[in-house]
Amino acid sequence: MPDPSPFPPTAPPPRPVAPGLYLVATPIGNLRDMTLRALDVLAAADLVLAEDTRVTAKLLAAYGLKARLERCDDHASARAAELAVDRLSNGAVVALVSDAGTPMVSDPGYVVARAAIAEGLPVHPVPGASSLLAALCIAGLPADRVLFAGFLPPKSGARRTALEELRPGRQTLVFFESGPRLADSLADMAAVLGPRPAAVARELTKLYEECVRGTLADLAADPRCQSPKGEIVIVVGPGEQETASAADADAALSEALTRLPPGEAAAEVSRALNLPRKPLYKRALELQGR
């Protein structure tokens, strides 16, 4: 009988790896999540820049690979950038990896990539595992507009100030957090952002993977969110659209009328404040004294 599988029996053959800097995503827990292209690049790399060379050495060993490793953490990124530019200028293949996931998403590597770009050297992404995207996929919250806010400040006062800046936005928010600070961060989010739906994703792709869903206040009180172990991602749904006041509408119309005729000004404010256009047009004429 013919094979019913829609997939070919073998993967596409590897392509030669051209010289350049490759930002290589690595598994966030499950070693089976390494991509074939990532393996091709690491096998061909003349140099691998790693957040922690010991972690990357174990990763390479798991796939039977060997490479020259150099450290590229927050303290060594400047030296790593100089080394990378020198090797790239001489036609080398240089790979940059973090301990887990996609480089430069709250991980070192920015200095290296910027240095290569400034010198006009080729820089290529090698996509793969990402805890940010994995959490967003399973949170069950809107993913059409997303703001990644990384790690919040460790102290409550600074954390609430940062959250206040994010509160007016109408997009889903994604944060990284540590286990010991999780409950306090969720409590501050509940106090500042209000009763928004949220999800706490922990140990994604690993044996004890978990995703806890509820309102921010419910999650702050949930025993499962009291100093859990492992890598944690918090996904917070968008808040309710606040209705603009008449004063807000007048202020927006007055500003728009300095640049646009009444009809266009009303249309612009209608889109910005989610208000009906006809009353805004009438009010725009009144503001112009017509």
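## The parallel sheet

Let's start with a pair of strands: β2 (residues 47-50) and β3 run parallel to one another and are joined by three bridges. Within this stretch, Leu49 faces Glu70 of β3. Keep in mind that everything here comes from a predicted model.

Those two strands belong to an open sheet of five, and reading across it gives β3-β2-β4-β1-β5, with parallel pairing. At the edges sit β3 (69-71) and β5 (123-126), each of which has a pairing partner on one side only. From one strand to its neighbour in this sheet, the average turn is 25 degrees, ignoring direction.

## Helices across the parallel sheet

Two helices to look for here are α2 and α3. Helix α2 covers residues 53-62 and lies across β2, β3 and β4 (93-97). Its direction is at about 155 degrees to β3.

Helix α3, residues 77-89, lies across β1 (20-24), β2, β3 and β4. Take β2 as the reference strand this time, and α3 runs at about 160 degrees to it.

## The mixed sheet

Further along the chain, what is the order of the strands in the open sheet with mixed pairing? It goes β6-β7-β10-β8-β9, again five strands. The edge strands are β6 (146-151) and β9 (210-215), and each of them pairs on one side only. Neighbours in this sheet are turned against each other by 15 degrees on average, with direction ignored.

One antiparallel pair in this part is β8 (residues 197-202) with β9, held together by six bridges. Here Arg202 stands across from Glu210 in β9.

This sheet has a helix lying over it as well: α5, made of residues 131-138, lies across β6, β7 (172-177), β8, β9 and β10 (232-236). Relative to β7, helix α5 runs at about 130 degrees.

## Two cysteines, no bond

How many disulfides are there? The count is zero. Take Cys211: the closest cysteine sulfur to its own is in Cys225, 9.7 Å away, which is too far for a bond. Looking from the other end, the sulfur of Cys225 has Cys211 as its closest cysteine sulfur, at that 9.7 Å, so no bond there either.

## Helices packing on α11

Now for some helix-on-helix packing. Two packed helices are described by the angle between their axes and the distance between those axes.

Helix α10 (residues 262-273) packs against helix α11 (residues 277-287) at an angle of about 135 degrees, and their axes are 8 Å apart. That angle makes α10 oblique to α11. The two cross in a right-handed way. On the α10 side, the contact is made by Pro262, Gly263, Ala266, Ala267, Val269 and Ser270, while α11 brings in Arg277, Leu280, Tyr281, Ala284 and Leu285. Sorted by class, the contact of α10 with α11 has eight nonpolar residues, two polar and one charged.

Helix α9 (residues 246-257) also meets α11: their axes come within 10 Å and cross at roughly 65 degrees. The pair α9 and α11 is therefore roughly perpendicular. The crossing of α9 with α11 is right-handed. From α9, the contact uses Ala249, Asp250, Leu253, Ser254 and Leu257; from α11, the residues are Leu280, Arg283, Ala284 and Leu287. By class, the contact of α9 with α11 splits into six nonpolar, one polar and two charged residues.

Definitions and conventions
Residues numbered from 1 in each chain as written. Predicted model: local features only at pLDDT ≥ 70, side-chain atom pairs only at ≥ 80, totals over all residues. Heavy atoms only, no water. Axes fitted to C-alpha atoms, helices over the stretch in contact; angles between N-to-C directions. Helix = DSSP H or I, 4+ residues; strand = E, 2+ residues; numbered from the N terminus. Parallel < 35°, antiparallel > 145°, perpendicular 65-115°, else oblique. Left-handed = near helix turned anticlockwise from the far one by under 90°. Contact = heavy atoms within 4.5 Å. Nonpolar A, V, L, I, M, F, W, Y, C, P; charged D, E, K, R; others polar. Pairing = 2+ DSSP bridges. Disulfide = S-S within 2.5 Å.
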